[in-house]
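Q: Could you take a close look at one part of this model for me? I'd like to pick a single helix and see how it sits in the rest of the fold.

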Amino acid sequence: MTTTSALEATEPEPTSTPGTPAAPGRKFGLAAATALVMGNIIGGGIFTLPAAVAPYGTVSLLAFGILSVAAVLLALLFGKLARRSPVTGGLYVYPRDAFGPFAGFLSAWSYWTMCWVSIAALAVGVVGYVDALIPLGDSKAVLALVALAALWLPAAANFAGTRYVGAVQIVSTVLKFVPLLLVATVGLFFVDTDNFGPFNASGESAPGAVAAAAALLLYSFLGVESAAVSAGEVEDPERNVGRASVLGTLASALVYILGTVAVFGLVPHEELVESGAPFADAVNAMAGGSWGGTVIALVAVASIVGCLNGWVLLSAQMPYAAARDGLFPKPFARVGKGGVPGFGVLATAVLGTLLIVVNYADDPDTAFRVLVLITTFTGCVPYLLSAAAQLYWLARGTRERVRPAGLARDLIVAALSFAFSFWLIAGAGYAAVYQGALFLFAGIPVYVWLRGRQEGSEREWGDVTA
C-alpha cells in the first residue's frame, strides 16, 4: 500500500522544467544507485584526511560521528527533493525551481567551483603517497609537477571519451576498497590505545575543535548527492534516490569511522600529524617493515587518480546542464565525439592547475588543508540552497493537505540539514570562507552577462514575431 508523504502533501505535482536536459533511458536500479553513491563518497580524500585532522586530537573522531549523522540527514533531504523533481541536475534544479534562475546559477556555479577545487585537493593528496614510493625531496617545483601530472592524466582519459573513463573507474573503484577494508577490519586488532594522543590537541575549545575538524572531514563525504544529481538515470527515482543516498552514506560512514579509528590507534599521534601517507604508515605498523606500506601507497595512488577521473567528468556535467538552460557559457554545452563535454573538462583542468601552482607557491605544507576547506564552503552553498528550497516547498503547503507528523519530520530534516551546512561553513574558518566567497561572487558578472544576453534575444524575437 502506498502512503502519501508530507512532501507530496505540501507540494504541487512534479513538472518538467523547460530547459532541463532530457534524461536518457533510466538504467540504475537501487543496487547500482547505491554503488554510485558509495563510489563517489569513498574517493581519495579519506587516504589523507586522518593526518589532516590529527592536529585536533581524537576529538576529530567525535566530529566524524556528528558529520556522519549530518550526511545521512542530507541524504534524506535529497531523497525528498528528488520526489518532487526526479530529473538530472539535482542541486542545481532544486534552488532554480524554488527561487528562480539566479539561485539555480549560484548553486551550479558553487558546485562547479567545489568540483575543480576538490580536484586540485585530490591531486595534492596524491603527492604524499608518491613520496612514500619515491622520495621527492622538499622542492616545491617537483611536488607541484607530481600534483599536476595526477590532474592531467585523468583529464586526458576524459578527452578520450566515456568508454575510457568507465574502464579506469571500474579498476580504481575495486582498488580503493582494499586498503580501507584491510585497515578498518584487520587493523582494529593491532590498535594501541597509547597512540591516540590527547582528546583535544588543538589548543582551542572542544566545540571549536569539533567544528574545525568537521569542516575538513566534510571533504570525505562529498558525493552524498550523487544519486540526486543523476536522478534522471535512476529507475523509479522518487523512491530509489532517497534509499540509495541513505544506504550508500551509511555504508561509507561505517568504513570511514572504523578506518580512521584504526589509523589513529596504529600510528603514534606525533607521527600521524606529520604523515603524508597515513594509511601506508598504518599498514607498516600492522605488518612490520615497509613492504605493506609500499603496496598500500601504490593502491592509494591508483585509487586517487581514478577518483580524479570520475570527478573531472562530474565537474563537466554540472555546467553542461546549466549551459543547456542558458545559465552557463555556451561552450560548456558542447559534447565531443567521445560523449564528454570537452570544454568543461579543459576548464576544470586549467583552473585546477592554476590553483595547485598558487598553493604550492605559497606553502606546500598547508596546500591540501586550504583546498579542502575551500571545498567545504563551496560544497555547502548548494546544500544550504537545497535545504532552503525544501523549507520553501513545505511552507507553501496548504493546511488541509498536510499530515502533521509527516510535516514535522520533513521540517526537522530540512532545518537540521540547513543548520549543519551553516555550521560547517563557520567551521571552515575565515580564510576558507573569504576565498570561497570570492570564487562564488566571481560568478555574478557571468550570470549578469548571460541573463542580459538571453533576455535581450527573447525581446528581439518577440518584436520580430509581433
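The expected span of a helix is 1.5 Å times one less than its number of residues. With that in hand, how many residues of helix 6 are buried, and how far does helix 6 reach from its first C-alpha to its last?

A: Happy to, with the reminder that this is a predicted model. Let's start with length. Helix 6 runs over residues 101-133. It has 33 residues, and its first and last C-alpha atoms are 48 Å apart, close to the 48 Å expected at 1.5 Å a residue.

Now for burial. Of those 33 residues, 27 are buried, so helix 6 is largely enclosed by the rest of the structure. One residue number that falls within that run is Cys 115, and its relative accessible area is 0%. Buried here means under 20% relative accessible area, so Cys 115 clears that cut-off with its 0%. Cys 380 is also at 0% and buried. As for bonds between cysteines, the structure holds zero disulfides.

Then there's the core. The largest nonpolar core has 145 residues, and those touching the most other members are Phe 78, Tyr 111, Tyr 129, Phe 279, Trp 311, Phe 328 and Ile 356. Helix 6 gives the most to this core, with 20 residues. As background, nonpolar side chains in soluble globular proteins tend to be buried together.

To get a feel for one of those core residues, try Phe 78. Leaving aside residues up to four places away in sequence, Phe 78 touches Leu 91, Tyr 94, Val 224, Glu 225, Ala 228, Val 241, Tyr 383 and Ser 386.

It helps to set this against the whole chain. The protein chain has 19 helices and zero strands, and 55% of its 466 residues count as buried. Among contacts with a separation of 6 or more, 85% are between residues 24 or more positions apart.

A couple of spots show that kind of long-range pairing. Ala 157, in helix 7 (residues 140-160), is buried at 16% relative accessible area. Its C-alpha is 9.7 Å from that of Leu 313, although the two are 156 residues apart along the chain. Ala 212, in helix 9, is buried too, at 10%. Ala 212 and Ala 63 are 149 residues apart in sequence, with 8.7 Å between their C-alpha atoms. Ala 212 also touches Tyr 56 and Gly 427, not counting residues up to four places away in sequence.

Loops get in on this as well. Asn 195 sits in the loop between helix 8 (162-185) and helix 9 (206-217), and it is buried at 14% relative accessible area. The side chain of Asn 195 reaches the backbone oxygen of Gly 265 at 2.9 Å. Beyond residues up to four places away in sequence, Asn 195 touches Phe 264, Gly 265, Leu 266, Val 267, Pro 268 and His 269.

For a second helix to hold up beside helix 6, go to helix 18 (residues 430-441). Its twelve residues should span 16 Å at 1.5 Å a residue, and its end C-alpha atoms are 16 Å apart, which agrees. Here Ala 432, Gly 436, Ala 437 and Leu 440 are buried. They cover an arc of only 125° around the axis, which puts them on the same side of helix 18. An α-helix has 3.6 residues a turn, so residues three or four places apart point the same way. The face of helix 18 turned away from that buried side carries the exposed residues Tyr 430, Ala 431 and Tyr 434.

Technical notes
Residues are numbered from 1 along each chain as its sequence is written. This is a predicted model: local features need pLDDT of at least 70, side-chain atom pairs count only at pLDDT 80 or more; totals for chains, interfaces and linings use all residues. Side-chain values use heavy atoms; hydrogens and water are left out. Helices (H or I, at least four residues) and strands (E, at least two) are DSSP runs, numbered from the N terminus. Buried means under 20% relative accessible area, exposed over 50%, partly exposed in between (1.4 Å probe, protein chains only). A polar contact is a pair of N or O atoms within 3.5 Å; within protein, one must be able to donate a hydrogen and the other to accept it, and residues adjacent in sequence count only if both atoms are side-chain atoms. Contact means heavy atoms within 4.5 Å. A nonpolar core is a set of buried Ala, Val, Leu, Ile, Met, Phe, Trp, Tyr and Cys residues joined through side-chain atoms within 4.5 Å. A disulfide is a pair of cysteine sulfur atoms within 2.5 Å. The arc is that of the directions from the helix axis to the C-beta atoms.
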